[in-house]
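User: I would like to go through the labels used for this model and hear the reasoning behind each one. Please show the structure before we start.

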Amino acid sequence: MKTGFHTHCSALEELYLNGFEGRLYIKRDDLIHPIVSGNKWRKLKFVIIKAQAEGKNHLVTFGGAYSNHLLATACAGATLGLKTSCFLRADEAIANHYLTAAKLYGMNLIPVSREGYRHKEELFREHFGADKQAYYVAEGGESTEAIQGVTEIIEELEFEPDYILHASATATTALGLGKGIQSKGWKTKVLAIAVLKNAAEQRDKVQQNNLSDTIDILDGFHHGGYAKTSEPLMLFLQQTIASTGIMLDPVYTGKALFALNEINPKGRIVFLHTGGTMGIFSDAYAKLIG
Ligand SMILES: *Cc1c(COP(=O)(O)O)cnc(C)c1O
């Protein structure tokens, strides 16, 4: 079994946005890997180290057909010589570029109904209870190990920014950044842009982790909900990708950078590009781009 899961220090570059007043940098976690989403790679690092330490060689996880976590797990498994299985939330047969890539990486996809998908531990026990090598990886990789992986982003920064802004869904990334900032003793604020209507839930997690002074969960930039888009968002994406050469997606990083442009904070700002660029290649967006 191969060990040594590497994330590599990602580049920090200056970013120029039209009309933006602060000094803006972009942390290129999208460049950690060409296929795999940056923050899902970081979130898996210590999960996999733990699985390997326990002698497990089979990662079993959960996701939808457009899940960056599903894809990251498949790729990490192929890279490290681990088997991977994923319960796929799907009421009907589905094929897309995410699942093609996951299958190419050798992932065993197990479609389950939305109803069945709710009972994750049961699914795991039924299918893999007898497999002593199977290791349960939570949906989205959410875990204390995932938070630990994200803290490394802060360790890689060479200066103390005033703000770090990023796309936030489960708040795991935000918690990792917050913990990294606390242990450095920095005053940096995390502006976590909620990309779905769950800001209250995310704030609860921030509070439980005593990070309310460091992390702001910002509501009002979800454009109608998870994976929903708006005309201004699509227009902003099109203009920004064309003027920076940096690929963004409408589900995560596009909403976060749109928010940054609206908030226009002063000072030194790091925009964390969390990856997920595969998202833009969905057929649904092809029709929305003029
Ligand atoms: C999953 C994901 C996020 C959200 O991360 P959380 O840790 O769940 O808040 C942000 N950006 C991208 C590209 C993602 O895939």
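**Labels and their reasons**

Analyst: Asn210 counts as exposed, with a relative accessibility of 62%. The model is a predicted one.

User: Why is Asn210 called exposed at 62% relative accessibility?

Analyst: The label exposed requires over 50% relative accessible area. Asn210 has 62%, so the label applies. Asn210 is in the loop between α8 (199-208) and β9 (215-218).

User: What is the phi of Asn210?

Analyst: Phi of Asn210 is near 55°, a positive value in a residue that is not glycine. Most residues other than glycine have a negative phi.

User: Which residue has a positive phi of about 75°?

Analyst: That is Ala171, again not a glycine. Ala171 is placed in the loop between β7 and α7.

User: Is Ala171 buried or exposed, and how do you know?

Analyst: Buried means under 20% relative accessible area. The value for Ala171 is 1%, therefore Ala171 is buried.

User: What makes Gly116 partly exposed?

Analyst: The range for partly exposed lies between the cut-offs of 20% and 50%. Gly116 has 23% relative accessibility, so Gly116 belongs in that range. Gly116 is part of helix α4 (residues 114-117). Its C-alpha atom is 39 Å from that of Ile181, and the two residues are 65 apart along the chain.

User: Why is Ala256 called buried?

Analyst: The relative accessible area of Ala256 is 0%, so Ala256 meets the condition for buried, which is a value under 20%. Ala256 sits in helix α10 (residues 253-263). The C-alpha atoms of Ala256 and Leu191 are separated by 9.4 Å, with their positions 65 residues apart along the chain counted as the separation.

User: Where does Phe271 lie, and why is Phe271 called buried?

Analyst: Phe271 is in strand β10 (residues 268-273). Its relative accessible area is 0%, therefore Phe271 is buried under the 20% cut-off. Phe271 and Leu191 are 80 residues apart along the chain, and their C-alpha atoms are 9.5 Å apart.

User: Now the ligand. How many residues surround the ligand, and which are the closest?

Analyst: There are 16 residues around the ligand, and the closest are Lys40, Ala169, Thr170, Thr173 and Thr274. By type, the shell divides into 4 nonpolar, 10 polar and 2 charged residues.

User: What makes the pair between Thr274 and the ligand a polar contact?

Analyst: A polar contact is a pair of N or O atoms within 3.5 Å. An N or O atom in the side chain of Thr274 is 2.7 Å from a nitrogen atom of the ligand, so the pair satisfies the cut-off. Asn68 satisfies the cut-off as well: an N or O atom in its side chain is 2.8 Å from an oxygen atom of the ligand. For Lys43, a polar side-chain atom lies 2.8 Å from an oxygen atom of the ligand.

User: How much of the ligand does the protein bury?

Analyst: The ligand taken alone exposes 380 Å², and the protein buries 98% of that.

User: Where does the ligand sit, and which elements give two or more residues to its shell?

Analyst: The ligand sits in the largest pocket. The elements giving two or more residues to the shell are α1 (38-53), β7 (163-168) and α7 (172-184). Helix α1 supplies the largest share, 3 residues.

Technical notes
Residues numbered from 1 in each chain as written. Predicted model: local features only at pLDDT ≥ 70, side-chain atom pairs only at ≥ 80, totals over all residues. Heavy atoms only, no water. Near = heavy atom within 4 Å. Polar contact = N/O pair within 3.5 Å; in protein donor to acceptor, adjacent residues only side chain to side chain. Areas by Shrake-Rupley, 256 points an atom, 1.4 Å probe, with all protein chains shown as cover. 1 Å grid on protein atoms, 1.4 Å probe; cavity = no way out; pocket = protein on both sides within 12 Å on 5 of 7 lines; lining within 4 Å. Sits in = over half its atoms within 2 Å of the grid points. Helix = DSSP H or I, 4+ residues; strand = E, 2+ residues; numbered from the N terminus. Nonpolar A, V, L, I, M, F, W, Y, C, P; charged D, E, K, R; others polar. Buried < 20%, exposed > 50% of the residue type's maximum accessible area, 1.4 Å probe, protein only.
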